Amino acid sequence: MTKAVYEMLLGYMQSCVADRAHDENHVLRVLSNALQIAREEPQADLDILMAACLLHDVARREEMETPGVRHAEAGAGKARAFLQRQGFSAEFCSRVADCIAAHSFGSGPAPARIEEKILFDADKLDAAGALGTARMLLYHGAAGDPIYEVRADGQVSDGVGDAQRNYFYEYHGMIAQMAGSMLTPAGRRMAQARAQTARQLYQAIYDEAQGCHLALRQALDGAFS
């Protein structure tokens, strides 16, 4: 890939950014992850992979604004159309679109080609560790969701089975599951290292919250006559 092509794709991606949890820095981290994984996958086409990484979230705005739209599916079509306008071959456009369509967790076709698997892993890695925790908190904060729930008995819920989405809920439902979803050997190794950090962060936040609420109950019990 030439520098001019990279900068053109970068500029288009920047024009499509819709939220801070999926911003330019997220995309560049995904690209970094993908290139690290690709070192062990020499059969991967780096031009296709780089283009797919840079364009994988171009339809986040459409997903946010229109109920029922899935950004991976919409992004595949949007990226294909953009690349076609720039004069890329039909095969290149199709391969990049296939990567984008298959990158989302829990929706779309299963990744098949190596470039699709690498993008899938690279994107999930950015949700697996400390940055994944920060992004989850940022995303749910913007949506007005709480960090955690307090049960009727005054105990802080660990998130499992909560009625309302929150960080603790998402930790168990998504972040803690990332390492097991990886499709490449390098992706699995990288995710396992990040999973430990994410677990430590979750536990620290839970312990602080639980300690505060227990201390409050004790203080109030002593304060009221």
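A cavity is a set of grid points where a 1.4 Å probe fits but cannot get out, and its lining residues have an atom within 4 Å of a point. This predicted model holds one such cavity of 30 Å³ or more. The largest pocket has a volume of about 750 Å³. Two loop residues, Glu41 and Phe105, are also covered below.

**Cavity**
- The largest cavity holds about 40 Å³ of space.
- Its lining is made up of Met13, Cys16, Val17, His22, Val27, Leu54, Asp57 and Val58.
- Sorted by class, six of these lining residues are nonpolar, one is polar and one is charged.
- The charged one is Asp57, because Asp counts as charged.

**Pocket**
- The largest pocket, at about 750 Å³, is lined by 30 residues.
- Closest to the pocket centre are His22, Arg60, His71, Tyr139 and Met174.
- Helix H4 (60-65), helix H5 (71-85), H7 and helix H8 (130-142) each give two or more residues to the lining of this pocket.
- H8 supplies the largest share, with four residues.
- The pocket lining has 11 nonpolar, nine polar and 10 charged residues.
- His22 is named in the cavity lining and again among the residues closest to the pocket centre.

**Glutamate 41**
- Glu41 sits in the loop that runs between helix H2 (24-38) and helix H3 (46-55).
- Is Glu41 buried or exposed? Glu41 is buried, and it has no salt bridge.
- Arg188 has the nearest side chain of opposite charge, 7.5 Å away.
- A salt bridge needs a side-chain nitrogen of Lys or Arg within 4 Å of a carboxyl oxygen, so the 7.5 Å to Arg188 does not qualify.
- Beyond residues up to four places away in sequence, Glu41 touches Ile114, Ile118, Thr184 and Pro185.

**Phenylalanine 105**
- Phe105 lies in the loop between helix H6 (90-101) and helix H7 (114-125).
- The relative accessible area of Phe105 is 34%.
- Why does Phe105 count as partly exposed? Buried means under 20% and exposed means over 50%, so a value of 34% falls in between.
- With neighbours within four places in sequence left aside, Phe105 is in contact with Phe120, Lys124 and Ser181.
- Ala79 is 26 residues from Phe105 along the chain, and their C-alpha atoms are 19 Å apart.

Terms used. Residues numbered from 1 in each chain as written. Predicted model: local features only at pLDDT ≥ 70, side-chain atom pairs only at ≥ 80, totals over all residues. Heavy atoms only, no water. Buried < 20%, exposed > 50% of the residue type's maximum accessible area, 1.4 Å probe, protein only. Contact = heavy atoms within 4.5 Å. 1 Å grid on protein atoms, 1.4 Å probe; cavity = no way out; pocket = protein on both sides within 12 Å on 5 of 7 lines; lining within 4 Å. Points joined across faces, edges and corners; volume = space filled by probe spheres on them. Lys, Arg positive; Asp, Glu negative; His and termini not counted.
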